[in-house]
Amino acid sequence: HGAPAASKGTGAKDSSPAKGSVQTVTQEGVRISLEVMSMGDHRKHMTKGSAHGEADPGKSHSLMLTLQDVDSQEIISDARVAFVISGPAGSEESGKLTWSGDHYAGGINLKDKGNYQIDLRVESGGMERVAELSYEFK
């Protein structure tokens, strides 16, 4: 899909852990950050008694999403988030992400190695924002 969208502001890259892959886009005043992580890695990050829900044992990967108001820097916790993932073999999976303590989360199944397109639809504050991201499953 061409060059990544330039982030507004200082031009500094969002720092992210080496594990997983975090992608950030800004849509109409909301910073949308998505991380895709294998369930094995996701379980390592969970601690007993944390706000995380139990990882879905039937899923191969976890989607973790944060929404932040660019102006106020507030984390948005009351949005409705839906996703559609299109895989390299024509597979498609859709679902919703739910609030999980400090981010939205949901489990997905990635069966085939290759590139996946992740379409996000975020409804918040009476507005709908759409973001297209991608993930390479190696």
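Reader: Hello! Before any detail, how many helices and strands should I look for in the protein chain?

Author: Welcome! The protein chain has one helix and eight strands. Bear in mind that this is a predicted model.

Reader: In which pattern do they follow along the sequence?

Author: Reading along the sequence gives β-β-α-β-β-β-β-β-β.

Reader: Next, contacts. What share of those with a separation of 6 or more joins residues 24 or more positions apart?

Author: In the protein chain, that share is 55%.

Reader: And burial: what part of the 138 residues is buried?

Author: Buried residues make up 34% of them. For the chain as a whole, the accessible surface is about 8400 Å², and carbon and sulfur atoms hold 48% of that surface.

Reader: Let me try one strand. How many residues of strand β2 are buried?

Author: Strand β2 covers residues 30-38, and eight of its nine residues are buried, so that the strand is mostly covered.

Reader: Which sense does the pairing of β2 with β1 have, parallel or antiparallel?

Author: Strand β1, residues 21-27, pairs with β2 in the antiparallel sense, over seven bridges. To place yourself in that ladder, find Thr26, which stands opposite Arg31 in β2.

Reader: How many bridges link β2 and β3?

Author: There are nine bridges between β2 and β3, and this pairing is antiparallel. Here a helpful marker is Leu34, with Leu65 of β3 standing opposite.

Reader: Now the turn of the first hairpin. How many residues lie between the strands β1 and β2?

Author: Two residues lie between them, and Glu28 in this hairpin takes a positive phi near 45°. Glu28 has this positive phi although it is not a glycine. Its place is the loop between β1 and β2.

Reader: Is Glu28 buried or exposed?

Author: The cut-off for exposed is over 50% relative accessible area. Glu28 has 51% relative accessibility, so it counts as exposed.

Reader: Which residue in the loop between β3 and β4 could I compare with that backbone angle?

Author: Look at Gln73, which sits in the loop between β3 and β4. Its phi is near 65°, again a positive value in a residue other than glycine. With 44% relative accessibility, Gln73 counts as partly exposed.

Reader: Where is Gln68, and is it buried or exposed?

Author: Gln68 belongs to strand β3. Buried means under 20% relative accessible area, and Gln68, at 18%, therefore counts as buried.

Reader: Which residues does Gln68 touch, leaving aside those up to four places away in sequence?

Author: On that basis, Gln68 touches Gly29, Val30, Arg31, Gln73, Glu74, Ile75 and Ile76. You have already met Arg31 as the residue opposite Thr26, and Gln73 as a residue with positive phi.

Reader: Ile75 is in that list too. Where does Ile75 sit in the chain?

Author: Ile75 lies in the loop between β3 (61-69) and β4 (80-86). Its relative accessible area is 42%, so Ile75 is partly exposed.

Reader: Which residues does Ile75 touch, with the sequence neighbours up to four places away not counted?

Author: Those residues are Leu67, Gln68 and Trp99.

Reader: And how far is Ile75 from Val30, in sequence and in space?

Author: They are 45 residues apart in sequence, while the C-alpha to C-alpha distance is 9.5 Å. Gln68 touches both Val30 and Ile75, so you can use Gln68, a buried residue of the model, as your guide when you look there.

Conventions
Residues numbered from 1 in each chain as written. Predicted model: local features only at pLDDT ≥ 70, side-chain atom pairs only at ≥ 80, totals over all residues. Heavy atoms only, no water. Helix = DSSP H or I, 4+ residues; strand = E, 2+ residues; numbered from the N terminus. Buried < 20%, exposed > 50% of the residue type's maximum accessible area, 1.4 Å probe, protein only. Contact = heavy atoms within 4.5 Å. Areas by Shrake-Rupley, 256 points an atom, 1.4 Å probe, with all protein chains shown as cover. Pairing = 2+ DSSP bridges.
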